[in-house]
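User: I would like to practise reading strands, burial and backbone geometry in a model. Could you walk me through it?

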Amino acid sequence: MPDKQSPQTISPAEWEIMKVLWEHGEMAARDVCAALPKHLNWATKTVKTLLSRLVAKEAITYDQIGNSYLYRAVADEAALTRQEVQSIFRRVARRALSPALAHFIEEADLSDAEIDELRATLDRKRENSSAPQRGGRR
Amino acid sequence: MSITESVVDAWWGWIIAVTWQVALLTCLALLFAVLFRKAPPRVRHSVWLLVVLKVLIPTSFSTPWSAGNWLAPFRSDLTVSFVSSPNEVTAKTTLRHAAPHEAIPSDKQSHAENVSLFTSSGLFGLWSIGMAISITTSLIQYRRLCRATSRMPLLDEGPVRIAVERAALKLNVASPPDIRLSNVNASPFLVGTLEPSVVVSKSLVDQASADELETVLMHELLHWKHRDTWIGWLQILVQSLLWFHPFMWLANSRLRYERELVCDEAVLREGGVKPDEYGKTLLRVLTVSRARPVLAGTHVGIFERGARIQNRLETVMQFKDERRTSLTGYALAVATFAILFLPMSASVNEDSVAAADVESSTLALAPPRKDKAGKAKTSGDTTKKEAKPKTPYPQILKTQPKAGATGVDPSIKEIRVTFDRDMGQGMSWTGGGPEFPPVDKSQEVRWIDKRTCILPVKLRKAAYYRVGINSKSHQNFKDPSGKATPPSAIFFTTKGASRALQNKVKIPQITKITPANGSKDVSLTTKQLVVSFNVPMGGGMSWTGGGDSFPAIPDGKRPSWSKDGRTCTLPVKLDQDREYQLGLNSLSHNNFQSRWGVPLKPVVYSFRTASIPSK
């Protein structure tokens with residue numbers, strides 16, 4: 001039996017909706033539909049279904065004004081991204097993370113600034129991981 | 001036989017078989033439901049679903065343990081108990097009173113068959129009308145409902161849609177159906193097969209809390225998840241086929257009831273709803289919808305017609321989460337039920353009709369009997385009773401049609417053979433090729449009592465048929481002690497057969513025998529016995545007998561046939577003043593046959609030679 005989809009798990013289609021809401025703020029379903037990338041070519045009904053599902057998953061909320069509904073994201077973009085990345089790594093890199101990370105880095109089109117930021121992140125990671133070891137020797 | 005007659009025949013066989021099989025299976029399912037009343041409703045639902053599916057399974061589906069095997073003695077009664085008109089009662093009485101030893105007079109039998117044909121055609125018409133009305137009504141209802149549903153507002157966003165999505169997440173339903181809002185007060189229901197919609201009433205949306213709404217929608221989603229609308233169509237189909245059958249109505253009703261219990265249980269188990277909350281929700285839906293349930297079987301709702309709400313509420317309140325309880329035992333019970341009871345037809349012996357390509361080469365009829373005068377008498381009189389068995393092996397007492405009959409009504413449905421004693425339940429109908437009558441596979445080859453066996457057939461007009469009873473290699477027509485009846489055959493032509501075909505079933509008759517049968521003072525100069533027949537013969541011969549009463553054959557001499565195949569000569573060397581007795585054919589040797597394989601009925605041939613050689 002497949003695992004039940006937890007409310008926090010966001011499907012790729014729902015991510016497209018979330019990105020629009022994060023970028024534009026509160027929007028009606030029709031506006032979300034208009035703001036989506038053209039190549040997706042989704043019907044309004046599909047967008048409304050995805051919005052309803054995201055409300056059910058508590059990633060977004062809505063306000064009813066008359067007969068219309070305005071949706072806005074409640075899930076923090078960074079937190080949701082972090083969660084999604086963790087989910088991906090759990091699925092993709094069960095034992096060794098470095099090959100998967102290396103693959104991501106190789107595939108990504110990174111600017112110098114982004115490479116510097118990554119390097120700084122790795123340095124911080126090294127410092128954080130070595131600190132408890134020193135403490136353990138005391 | 002016309003196409004219509006063939007259709008009616010096939011239908012008649014099917015309807016009789018499916019009627020008793022469904023009735024019996026429903027009784028067994030009721031028993032199962034009682035025994036497993038504490039089991040999860042899924043278990044009972046599966047069994048009722050099997051009853052519905054049974055209608056679509058070929059009625060000839062059989063196993064060695066099929067119910068048809070142990071019901072065989074009662075089957076003739078079951079067959080005729082379906083008829084009800086005054087004319088049919090005649091047929092019923094005739095058949096019922098056909099005790100093992102009784103002969104059914106041919107005129108009565110013919111009348112019964114005609115009545116049966118009339119009855120089956122009439123009933124076929126009635127059944128067709130009933131089925132057409134049932135299906136048409138369901139389709140019209142469904143179409144109206146679909147039209148009405150398509151005009152209802154689509155709730156593609158807002159609280160109701162979100163409630164559906166929440167319910168879908170809990171139940172792991174990937175693509176929940178559309179939601180439509182109805183202004184009519186009725187309990188929510190699911191309609192549609194491929195792209196279904198859940199219809200909820202405006203009053204329910206207005207009055208129910210968000211949790212109650214979600215619970216109700218969860219119930220409908222479970223109907224979708226379980227594909228209950230598809231099962232609903234299946235029920236409509238079988239109900240239309242057996243619209244007259246009270247057991248089918250009962251089985252469908254039980255299936256609908258168990259289906260609701262299955263969804264109730266899943267709402268509690270998978271949806272995590274508390275029993276008391278769910279009970280309140282059911283009552284809320286009932287009061288808001290003003291107790292208007294779903295009216296047709298093409299859609300499924302939270303309440304259906306005749307729903308037993310108290311039983312449901314009791315079941316809901318007694319719910320125990322059995323997620324960890326193994327269902328293997330229950331699954332085995334259902335599988336056992338299916339294996340044991342779905343095949344119901346009586347099994348057919350391998351050597352019987354199904355294996356009709358076995359060619360019998362040996363034919364025989366009952367042995368000769370002597371009248372009071374001691375004269376040989378043929379056994380062709382098949383309608384007369386025989387008081388007690390006289391031979392160590394079973395004899396054929398009578399057959400229908402009679403062997404050698406011409407102008408047989410092609411509408412007769414079966415070939416019967418009755419033996420002179422109780423028989424075992426095996427059978428070997430032998431023969432093959434175009435001469436073997438087409439078997440009606442919708443009916444069963446069966447014993448209607450311990451002495452009479454029936455072969456259901458579909459005869460054509462103007463045809464010649466030959467059915468073997470046992471053969472050299474297949475001898476399952478035998479008594480309980482294992483003594484087989486000697487190989488024999490029933491051969492006949494149906495109405496409209498040409499003279500040439502009719503000649504094929506002519507039983508050979510002796511036109512002249514020299515010396516004459518029973519003659520005295522036969523001259524010792526007689527060097528041969530000569531027998532002539534009324535039809536061309538096949539070239540074989542069976543001069544039977546032995547010992548001193550059988551005439552000696554001179555060395556180097558052999559019996560022979562005339563060129564026209566009608567006269568056979570046996571060279572002999574006779575002694576003076578001696579009683580000779582021999583036979584032409586016997587039970588086990590019957591090679592005196594017509595060119596078309598019809599054997600001469602055994603004849604005892606005797607004469608006495610003179611005491612003084614003639615000069």
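Analyst: Let's go through some features of this predicted model one at a time.

User: Let's start with chain A. Which elements does it have, and in what order?

Analyst: Chain A has six helices and three strands. Read from the N terminus, they follow the order α-β-α-α-β-β-α-α-α. Of its 138 residues, 27% count as buried.

User: Now to chain B. How are the faces of a strand read, and which residues lie on each side of strand 13?

Analyst: The general idea is that side chains in a regular strand alternate between the two faces of the sheet. In strand 13 of chain B, B:Y464, B:R466 and B:G468 lie on one side, while B:Y465, B:V467 and B:I469 lie on the other, and all are buried. That covers six of the six residues in this strand, which spans residues 464-469.

User: Which strands are joined to strand 13 of chain B by bridges?

Analyst: On the one hand, strand 10 (residues 429-430) of chain B is joined to strand 13 by two bridges, and the two run antiparallel. Here B:W429 has B:I469 as its bridge partner. On the other hand, six bridges link strand 13 to strand 14 (residues 488-494) of chain B, again antiparallel. In that pairing B:R466 is matched with B:F491.

User: Why is strand 7 of chain B described as largely enclosed?

Analyst: Five of the five residues of strand 7 (residues 396-400) are buried, so the rest of the structure largely encloses this strand of chain B. Strand 7 runs antiparallel to strand 9 (residues 414-419) of chain B, with four bridges between them. One position to look at is B:Q400, which stands opposite B:R416 in strand 9.

User: What should I look for in the backbone angles?

Analyst: As a baseline, most residues other than glycine have a negative phi, and most peptide bonds are trans. Departures from that baseline are worth a look. B:Q400 and B:P401 are joined by a cis peptide bond with omega of about 0 degrees; B:P401 sits in the loop between strand 7 and strand 8 (405-408) of chain B. A cis bond also leads from B:T514 to B:P515, with omega near -10 degrees, and B:P515 belongs to the loop between strand 15 (510-514) and strand 16 (528-533) of chain B.

User: And which residue in the loop between strand 12 and strand 13 of chain B should I check for phi?

Analyst: Look at B:A462 in that loop. B:A462 is not a glycine, yet its phi is positive, at about 50 degrees. With a relative accessible area of 37%, B:A462 is partly exposed. B:D521, in the loop between strand 15 and strand 16 of chain B, also has a positive phi, near 55 degrees. B:D521 counts as exposed because its relative accessibility is 59%, and exposed means over 50%.

User: How do I find the edges of an open sheet, and which strands are they in the sheet 17-20-21 of chain B?

Analyst: Look for strands that pair on one side only: here they are strand 17 (543-544) and strand 21 (603-608) of chain B. The three strands are paired antiparallel. Two bridges connect strand 17 to strand 20 (residues 579-584) of chain B, and B:T544 has B:G583 as its partner in strand 20.

User: Is B:L587, in the loop after strand 20 of chain B, buried or exposed?

Analyst: B:L587 counts as buried, because its relative accessibility is 9%. Its loop lies between strand 20 and strand 21 of chain B.

Note on methods. Residues are numbered from 1 along each chain as its sequence is written. Chains are lettered from A and ligands numbered from 1 in the order in which they are written. This is a predicted model: local features need pLDDT of at least 70, side-chain atom pairs count only at pLDDT 80 or more; totals for chains, interfaces and linings use all residues. Side-chain values use heavy atoms; hydrogens and water are left out. Two strands pair if DSSP finds at least two bridges between them. Buried means under 20% relative accessible area, exposed over 50%, partly exposed in between (1.4 Å probe, protein chains only).
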